[in-house]
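Please open the model in a viewer and keep the sequence panel at hand. The tour below proceeds by selection, stop by stop.

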Amino acid sequence: MKTVLRPTLAALMAVAAILPLPAQERANWPQFRGENAAGLAAGGAPPVEFGPSRRLLWKQAVPSGRSSPAIWGDRIFLTAFDKDSNRLELLCLDRTLGHILWRRAAAAEKIEKVHPVSSPATATPAVDGERVYAYFASYGLLAFHLDGKPAWTVPLPPPQTRFGSGTSPVVAGELVMLNRDAVADGYLLAVDRCSGKTVWKQPYPADPIRATESYSTPVLWRDQAIVHRAGLIEGYDLQDGKRRWWVNAATNGTSTVAAGKDLVYAAAWFTFGEADQRVAVPDFATLLQRSDSDGDGQISEREFPADLAVARRPDAPEVPGATIFMKSFFKGIDANKDGLLQEKEWEGLRANLASFYADHGLIAFRPGGEGDLTAQVAWREKTAIPEVPSPLVYQDRVYMVRNGGIITCLEALSGKLLYRARLGAGGPYYASPIAAAGRVYVASGEGTVVVLSATDKLEVLARNDLREEIYGTPAIAGGCIYVRAAEQVYAFGDHSGSP
């Protein structure tokens, strides 16, 4: 199909990355984690100390959802799911007062199955000043004018996933792009932002070893879109969607990459990647001694111990699925499919688990070139890698936060560890770090937003407890911080500088 992109798109994007943004655009936060998913806000300093009774501009009750606020001009957009009515919808809020201006439903025939901590409304909308674009895996893509009038819809069949979708749409020039990854038949989709017509659709390479979905949002790098997928990070040409390069890694593809000046950073988290996540797997002789009730020297599925764990999330033990039990993988371990586990199969599993440890870590690489770029990895940090939160690149440093509130700060170019410490706000972490005015903001799943000074040493400026769970990444625009919590959207700032 003929592309609608202009031949000068790559040059225009490169110039746009260098030129300062106009004042009006500086006050926007147009998609997941702001401009190009970078998590950086320009113009205005949001408050350091805030909460339900401090620096509160407004709060607005909204239906449940895991999406983040997207901001353009005087409007805020987010997706939501009403559990009582099974209704998916896009909400538009007034940025000054928080009132709901309009809401539009996505008439899905069936709601996708999601992880207990997730939601069918996970995707953050993208907005470009003319239209707002929303995605629901249960329905597809929808576009509306900023006054709520329908522009176009692209119904899509729900992807085959185990835990639901986690990606968000992005605007790339004249395209709206979407990572439609799945257990099978996943693809990267680009549609015309004005009409919704497909410009290109690039199937992901079939790979039975990596037969699982990813949850990341595409990030732009010059003339490419970078997607973090299960087992690898890939670069796709914006003009025609062709895959240009890839980097292999032991990763579940849960977080979005961050693009710096010289390198791209991917938090390649793997279930068994770190020592405190792994549970010692007994050798076959020990397994037989424990579970071989009929004494035949083999282990049937009935005999297999239900409480034998293989991995855990030590700093988030209360989260559903925090401990992974081996029995759920019985059929995969049973290589000859005879319904029994023999020593060769079991010891083969133990050897494979050991091989996965090497490629786990925060990966910094240069994405120029073609084909396999795994050898171009500049450095790798293998400790305290986040499962869900994306890394933040800010002022020549890289920040990442793991469950338990473990913050790591590294030199962006060299990977040198500057510090690793606990923030003093534990529990699970789903939101990604963001930054503004020389400060880093990190939101815990239990509802505390920790504010750090962006320096080479840990300096906690404030711990702001909202007393409400936070799943989505906050947004910063015009000197205010907007937090979508479990039941409310909050706006914090100075009344003198409110939008």
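A residue counts as buried when its relative accessible area is under 20%, as exposed when that area is over 50%, and as partly exposed in between. The model on display is predicted, and these terms recur at most stops.

**Stop 1: confidence**

Colour the chain by pLDDT. The mean over the protein chain is 91, and 92% of the residues reach 70 or more. Next, select residues 1-26, where pLDDT stays under 50. For this segment the model has 25 contacts beyond four places in sequence. Where pLDDT is low, predicted coordinates should not be read in detail.

**Stop 2: the cysteines**

Select C92 and C480 and display their sulfur atoms. C92 has a relative accessibility of 0% and therefore counts as buried. C480, at 1% relative accessibility, counts as buried because that value falls below the cut-off. How many disulfides does the structure hold? There are zero. C92 takes part in no disulfide, and the nearest cysteine sulfur, that of C480, is 17 Å away. Seen from C480, the closest cysteine sulfur is that of C92, and the 17 Å between them is too far for a bond.

**Stop 3: a four-stranded sheet**

Show the chain as a cartoon and select the strands β6 to β9. They form an open sheet of four strands in the order β6-β7-β8-β9, with antiparallel pairing. β6 (126-127) and β9 (150-155) stand at the edges with a single partner strand each, so one side of each has no neighbour in the sheet. Now restrict the view to β8 (residues 140-145) and β9, which pair in the antiparallel sense over five bridges. One position to highlight is L142, whose bridge partner in β9 is T153.

**Stop 4: D128 and its surroundings**

From the same sheet, move to the loop between β6 and β7 (131-136), where D128 is found. Is D128 buried or exposed? It counts as buried, because its relative accessibility is 19%.

Display the side chain of D128 together with the backbone nitrogens that follow in sequence. This side chain reaches the backbone nitrogen of E130 at 2.9 Å. A polar atom of the D128 side chain also lies 2.8 Å from the backbone nitrogen of R131. Neighbours within four places in sequence aside, D128 is in contact with W72, Y133, V171 and R193.

Extend the selection to D128, E130, R131, E174 and R193, which are linked in a network of salt bridges.

**Stop 5: further salt bridges**

The structure holds 28 salt bridges. Three pairs are suggested here for inspection.

- Select R229 and E234. They form a salt bridge in which the closest N and O atoms are 3.1 Å apart, and both residues are buried.
- Select K261 and D396. Their salt bridge has its closest N and O atoms 3.3 Å apart. K261 lies in the loop between β18 (258-259) and β19 (264-268), and D396 in the loop between β27 (392-394) and β28 (397-402), so the pair ties together parts that are 135 residues apart in sequence. K261 has a relative accessible area of 66% and is therefore exposed.
- Select R397 and D456. Their side chains meet in a salt bridge at 2.7 Å, N to O. This pair links distant parts of the chain: R397 belongs to strand β28, whereas D456 sits in the loop between β33 (448-453) and β34 (460-465), 59 residues apart. R397 has a relative accessibility of 13% and so counts as buried. D456 has 41% and so counts as partly exposed.

**Stop 6: helix α3 and R290**

For the final stop, select helix α3 (residues 284-291), in which R290 is placed. R290 has a relative accessible area of 47% and is therefore partly exposed. Which residues does R290 touch, if those up to four places away in sequence are not counted? They are P305, D307 and L308. With side chains displayed, that of R290 makes a polar contact with the side chain of D307 at 2.5 Å. To conclude, add E303 to the selection: R290 and E303 are 13 residues apart in sequence, and their C-alpha atoms are 9.5 Å apart in space.

Methods:
Residues numbered from 1 in each chain as written. Predicted model: local features only at pLDDT ≥ 70, side-chain atom pairs only at ≥ 80, totals over all residues. Heavy atoms only, no water. Disulfide = S-S within 2.5 Å. Buried < 20%, exposed > 50% of the residue type's maximum accessible area, 1.4 Å probe, protein only. Helix = DSSP H or I, 4+ residues; strand = E, 2+ residues; numbered from the N terminus. Contact = heavy atoms within 4.5 Å. Polar contact = N/O pair within 3.5 Å; in protein donor to acceptor, adjacent residues only side chain to side chain. Salt bridge = Lys/Arg side-chain N within 4 Å of Asp/Glu carboxyl O. pLDDT = per-residue confidence, 0-100. Pairing = 2+ DSSP bridges.
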